[in-house]
Amino acid sequence: MSSNQNAPGSPAPKGRGAIPGLIKGLATTARTLAKPSHTAEYPDAQPHLPPRSRGVIALLEENCTSCMLCARECPDWCIYIDSHKETIPAPTPGGRERQRNVLDRFAIDFSLCMYCGICIEVCPFDALHWSPEFEYAELDIRDLLHEKERLGQWMPTVPPPPALDPGAPEPAEVAAANKPPRAARPARPATTVRPQPPAPQGDA
């Protein structure tokens with residue numbers, strides 16, 4: 001029995017591996033005690049977040065056209081938009097009146113939002129932006145439904161967009177704005193229409 005226990009490859013008896021493991025754990029604790037702590041005393045010390053953190057979605061109301069694209073693409077259906085049409089009088093006499101959508105309500109239910117950012121990506125007029133603000137917890141889950149007034153208050157916290165790569169091509173919008181206006185086409189000369197001779201009539 002004793003020879004089989006001491007044979008190479010046989011499992012070590014119980015109790016022998018506990019002491020080296022305890023010594024390794026104490027050595028790790030001793031090394032950690034000499035290092036400074038990385039714990040931030042929140043809320044006394046604010047965390048240093050990356051500039052493009054996904055904290056909350058801010059709304060730039062004047063850019064919203066009520067196209068409903070963000071609400072249709074939202075996988076959680078947590079965006080609620082109400083609008084009405086308003087008639088704009090003609091700018092010049094004899095012109096035609098136009099209609100535009102007026103935003104009445106824009107709300108996001110952050111108790112349903114999963115922060116995927118699809119609404120921000122699909123917005124064609126840059127009305128939605130990521131804000132690193134994250135301190136909007138509520139005691140009641142029903143208070144996480146934020147209206148457009150609250151969403152607009154987070155716009156000042158939105159960081160500026162990152163600078164473009166120096167080797168990147170010029171954006172199409174900037175290139176179109178800097179493009180010189182096209183020269184007016186020269187007027188075509190007036191063409192004279194020659195009268196056609198009457199067609200011969202057959203014998204009556």
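What share of the 204 residues in the protein is buried? In this predicted model, buried residues make up 18% of the chain's 204 residues. The secondary structure comprises six helices and five strands. Read from the N terminus, the elements follow the order α-α-β-α-β-β-α-β-β-α-α. Contacts between residues at least 6 apart in sequence were also examined. Of these, 71% join residues at least 24 apart.

The nonpolar core was considered next. In soluble globular proteins, nonpolar side chains tend to be buried together. The largest nonpolar core here has 27 residues. Ile57, Ile79, Phe106, Ile108, Phe110 and Leu128 touch the most other members. Two or more residues of this core come from each of strand S1 (56-59), helix H3 (69-73), S2, S3, H4 and S4. S1 gives the largest share, four residues.

Isoleucine 79 belongs to this core. Its contacts were listed without neighbours within four places in sequence. They are Cys70, Ala71, Cys74, Phe106, Ala107, Ile108 and Cys119.

Histidine 146 lies in strand S5 (residues 145-146). Histidine 146 counts as buried because its relative accessibility is 3%, below the 20% limit. Residues up to four places away in sequence were again set aside. Histidine 146 then touches Phe106, Ala107, Ile108, Phe110, Tyr136, Glu138, Leu151 and Trp154. Phe106, Ala107 and Ile108 are also in contact with isoleucine 79.

Aromatic rings form a further feature. A pair of aromatic rings is described by the distance of the centres and the angle of the planes. The protein has six aromatic pairs. One of them joins phenylalanine 110 and tyrosine 115. Their ring centres are 6.2 Å apart, and their planes meet at 25°. This pair counts as stacked because the angle is under 30 degrees. The two partners were also assigned to burial classes. Phenylalanine 110 is buried, with a relative accessible area of 5%. Tyrosine 115 has 25% relative accessibility and so counts as partly exposed, since that class lies between 20% and 50%. Ring pairs link Phe110, Tyr115, Trp130, Tyr136 and Trp154 into a cluster. Phe110 is among the core residues that touch the most other members. Histidine 146 touches three residues named in the cluster, Phe110, Tyr136 and Trp154.

Open space was then examined. Rolling a probe the size of a water molecule over the atoms shows where empty space is left. The largest pocket has a volume of about 560 Å³. It is lined by 14 residues. Arg52, Ile120, His129, Trp130 and Pro161 are the closest to its centre. Trp130 is also a member of the aromatic cluster. Helix H4 (118-122) and strand S4 (128-131) each supply at least two residues of the lining. The largest share, three residues, comes from S4. By class, the lining has nine nonpolar, one polar and four charged residues. H4 and S4 also give two or more residues each to the largest nonpolar core.

Proline 89 was examined last. This residue lies in the loop between strand S2 (79-88) and strand S3 (98-109). Proline 89 counts as exposed because its relative accessible area is 59%, over the 50% limit. Ten residues along the chain from proline 89 is glutamine 99. The C-alpha atoms of proline 89 and glutamine 99 are separated by 8.7 Å.

Notes:
Residues numbered from 1 in each chain as written. Predicted model: local features only at pLDDT ≥ 70, side-chain atom pairs only at ≥ 80, totals over all residues. Heavy atoms only, no water. Phe/Tyr/Trp six-rings, centres within 6.5 Å; stacked < 30°, edge-to-face > 60°. Buried < 20%, exposed > 50% of the residue type's maximum accessible area, 1.4 Å probe, protein only. 1 Å grid on protein atoms, 1.4 Å probe; cavity = no way out; pocket = protein on both sides within 12 Å on 5 of 7 lines; lining within 4 Å. Points joined across faces, edges and corners; volume = space filled by probe spheres on them. Nonpolar A, V, L, I, M, F, W, Y, C, P; charged D, E, K, R; others polar. Core = buried A, V, L, I, M, F, W, Y, C linked by side-chain atoms within 4.5 Å. Contact = heavy atoms within 4.5 Å.
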